2 protein chains.
Amino acid sequence: MSNLSIPIAVDAMGGDHAPRREVEGAALAAEEFGISVLLVGDEELLRRELKRYSARHLPLEITHARQIITMEDDVARSIRQKTDSSVHVAIRLVREGKAQGIVSAGNTGAVMAIAKILLGTLPSVDRPALAAVFPPLGGTRTVLIDVGANVDCKPEQLRQFAIMGATYSRLLLSVSDPRVGLLSIGTEQSKGNELTREAYQLLQQLPLNFVGNVEGRDLYNGRADVIVCDGFIGNVALKISEGLAEAIQHLLQEVFETRFPPSKEGESLPREALEAFSRRVDYSETGGAPLLGVRGVCTICHGSSNANAIKNAIRRTAEFAAAGLNEKIEAELKKLEIRVIPRHRGRPAPCA
Amino acid sequence: MSNLSIPIAVDAMGGDHAPRREVEGAALAAEEFGISVLLVGDEELLRRELKRYSARHLPLEITHARQIITMEDDVARSIRQKTDSSVHVAIRLVREGKAQGIVSAGNTGAVMAIAKILLGTLPSVDRPALAAVFPPLGGTRTVLIDVGANVDCKPEQLRQFAIMGATYSRLLLSVSDPRVGLLSIGTEQSKGNELTREAYQLLQQLPLNFVGNVEGRDLYNGRADVIVCDGFIGNVALKISEGLAEAIQHLLQEVFETRFPPSKEGESLPREALEAFSRRVDYSETGGAPLLGVRGVCTICHGSSNANAIKNAIRRTAEFAAAGLNEKIEAELKKLEIRVIPRHRGRPAPCA
């Protein structure tokens, strides 16, 4: 993280437990990593909240925003009518160079739309995409892209997702030659739906380490470093994973509590093992999903994020900014534009 | 199970470990539930395999089939060229009334296609669908339909899936008024993709307990009894769930083995708890996925099915047949055809 002095802007009003978790997460990031944070939201509320932490020595500041976009707000309307929302103000700080990037646990649709409008997209990108990193159960931290920024995608978009995802994996996860897979329902090229069959052709032509179709189970066995899919599928995949991991944790607790009542001697041992397990499947360790393809660093977290998730998202956002991820993505896309066979050839020149 | 004397046909040659697991599963089903089974495949091989069990007293018989469709076989070609395959022979037994239903762990695409061709679809069904029952982590056994029989579905197909799924939940899982959800990426009606937004309108009009959009996580928290989706999404969802559940079991074993080395006193306690847990998330307990909408009972299992999965699939298949599931689905669809607003109105009559 090269530039710790330029702060990360945190939309402190968006999450389900705002501003408590956001402020706590910011304090943790400042304390543990020395990252400067601009907390954006209702000044009085944030000042009160900050008092809960011995934060005077920490690099935390507040920028006032008088409006809040809620989870229930209509995205289109809130973008137009709440232009002084904490999301708007935080993203403007990024546009003006006063913040290196933004973290929000607010209304995902609104954050994505405002980021696209205020920051703009990279010249070679049709549609920005959300990239999520899955917990490394199979030893590999697999990137799934897109997890919800776009639905009803075109094959060309999946091609761009592949390039953005591979650049992300290389720069942020230090994978030297990421294996890129296409999420489908069978490994053979002919398997899948209309979208994946067409996208397969395009991905094959890229100078990437394309490993062909992968299946749902391959998110967890390390078969690919980057998995590309339509945002509808990706969002369902992410939420199933989170839901199942949570359900399994509850079930485990239940099973173990029946067998190891707290009074029993040695009860701390299984508990400790359970906690070690929980940390491994915990999505809050992965630190939110970056919106790749916009001109600026924007990380989107779950509405239900805890302070740990916010803290990790702030750290990741600082890493994105330091790595110059967007510049590298743009360069990669430009380079490849020349190499890949153009999809839409121009009309033949008129006969002389 | 009313009619134990008519056997269930088991394609004994299809699975990854055929015919060993199929024969063992059949022997278990015969032993535990008294179900008669016709093992279909290479007679000599099956006879040899049967010798491993003290099966003389069990209601097991062999029907010879001289060909095998492998997982690698091209579906279209194998349907035409291997008409004496164990799949063909087993399904013909169902068509001829010599078997109540068929269980196969073979090439899913081939089994579905051959079932559709040889058995035909119910008059009111456009496209048969695979229904999977998820492990009851949230207390509810949720049915996901379709998990891979159809891709690029039309809204009308999702309407039929809803009716078939609800009938299944009512008859086989004893849910009196199943809550039917539409798998999407947000609970609001406007969220989702083109398909789900159109399907929402159709599902709303059905006289079913439609609970609106549900999300990936709702597969595990009991919010719906039946969840409807396109087969591409459903297949990805199922495989993610299986993959994650498996990965978590491995991880747990690893975590506990580090902390409870076998020599340690009391080591059987955590092991026992782990086993109790494994049974709860085990997909082999759910007994395969029925192909709903064909004229006959056809259950499709994973290629990697173990004997327990085959045994449970045989039991479920006997239950399907006994419940007259297909007849009930047909009656339900017919009844609803009259009630729902027709989608394609005829052309306006020409002016007089």
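# Why do we call it that?

Student: Why is Arg179(A) called partly exposed?

Tutor: Its relative accessibility is 24%. Buried would need a value under 20% and exposed one over 50%, so Arg179(A), at 24%, falls in between and counts as partly exposed. Keep in mind that this is a predicted model.

Student: And what makes Asp225(A) count as buried?

Tutor: Same test, other outcome. Asp225(A) has a relative accessible area of 6%. That is under 20%, so Asp225(A) is buried.

Student: How do you know that Asp225(A) and Arg179(A) form a salt bridge?

Tutor: Look at the distance: their closest N and O atoms are 2.9 Å apart. The limit between a side-chain nitrogen of Arg and a carboxyl oxygen of Asp is 4 Å, so this pair qualifies. Arg179(A) belongs to strand E7 (residues 179-183) of chain A, while Asp225(A) sits in the loop between strand E8 (209-214) and strand E9 (226-228), so the bridge ties together parts 46 residues apart in sequence.

Student: Why is the contact of Lys239(B) with Glu215(A) called a salt bridge?

Tutor: Their side chains meet with 2.4 Å from N to O. Since that is within 4 Å, and Lys and Glu are on the list of partners, the name fits. Lys239(B) is in helix H8 (residues 231-259) of chain B and Glu215(A) is in the loop between E8 and E9 of chain A, so this pair joins two chains.

Student: Are Lys239(B) and Glu215(A) buried or exposed?

Tutor: Lys239(B) has a relative accessible area of 12%, and Glu215(A) has 14%. Each value is under 20%, so each residue is buried.

Student: What makes Arg66(B) and Asp84(B) a salt bridge?

Tutor: Their N to O distance is 3.2 Å, which is within 4 Å and therefore passes. The pair links distant parts of chain B, 18 residues apart: Arg66(B) is in the loop between strand E3 (60-64) and helix H3 (75-81), and Asp84(B) is in the loop between H3 and helix H4 (86-95). Arg66(B), at 58% relative accessibility, is over 50% and so exposed. Asp84(B), at 28%, lies in between and so is partly exposed.

Student: How many salt bridges does the structure hold?

Tutor: Over all chains, 34.

Student: Why is Thr196(A) called buried?

Tutor: Its relative accessibility is 4%, under the 20% mark, so buried is the right word. You'll find Thr196(A) in helix H7 (residues 194-204) of chain A. Beyond its neighbours within four places in sequence, Thr196(A) touches Leu182(A), Leu183(A), Ser184(A), Lys191(A) and, from chain B, Phe232(B).

Student: What makes the phi of Ser174(A) worth pointing out?

Tutor: Most residues other than glycine have a negative phi. Ser174(A) isn't a glycine, yet its phi is positive, about 60°. Ser174(A) is in the loop between helix H6 (155-172) and E7 of chain A. At 64% relative accessible area, Ser174(A) is over 50% and so exposed.

Student: What is the phi of Asp152(B)?

Tutor: About 50°, again positive in a residue that is not a glycine. Asp152(B) is in the loop between strand E6 (143-145) and helix H6 (155-172) of chain B. Its 30% relative accessibility lies in between the two cut-offs, so Asp152(B) counts as partly exposed.

Student: Which kind of peptide bond joins Ala18(A) and Pro19(A)?

Tutor: A cis one, with omega about -5°. Most peptide bonds are trans. Pro19(A) is in the loop between strand E1 (8-11) and helix H1 (20-33) of chain A. In chain B, Ala18(B) and Pro19(B) are also joined by a cis peptide bond, with omega about -5°.

Student: How many domains is chain A divided into, and what lies between them?

Tutor: Domain 1 (8-122 + 293-323) and domain 2 (129-282). Between them they bury about 800 Å², 59% of it on carbon and sulfur atoms. On the domain 1 side, Met112(A), His302(A) and Arg316(A) lose the most area, together 45% of what that side buries. The two domains have 0 salt bridges between them, and 1 residue pair in polar contact.

Technical notes
Residues are numbered from 1 along each chain as its sequence is written. Chains are lettered from A and ligands numbered from 1 in the order in which they are written. This is a predicted model: local features need pLDDT of at least 70, side-chain atom pairs count only at pLDDT 80 or more; totals for chains, interfaces and linings use all residues. Side-chain values use heavy atoms; hydrogens and water are left out. Domain bounds come from an automatic or database domain assignment. Buried area is the accessible area (1.4 Å probe) that two parts lose on being put together, summed over both. A polar contact is a pair of N or O atoms within 3.5 Å; within protein, one must be able to donate a hydrogen and the other to accept it, and residues adjacent in sequence count only if both atoms are side-chain atoms. Helices (H or I, at least four residues) and strands (E, at least two) are DSSP runs, numbered from the N terminus. Buried means under 20% relative accessible area, exposed over 50%, partly exposed in between (1.4 Å probe, protein chains only). Contact means heavy atoms within 4.5 Å.
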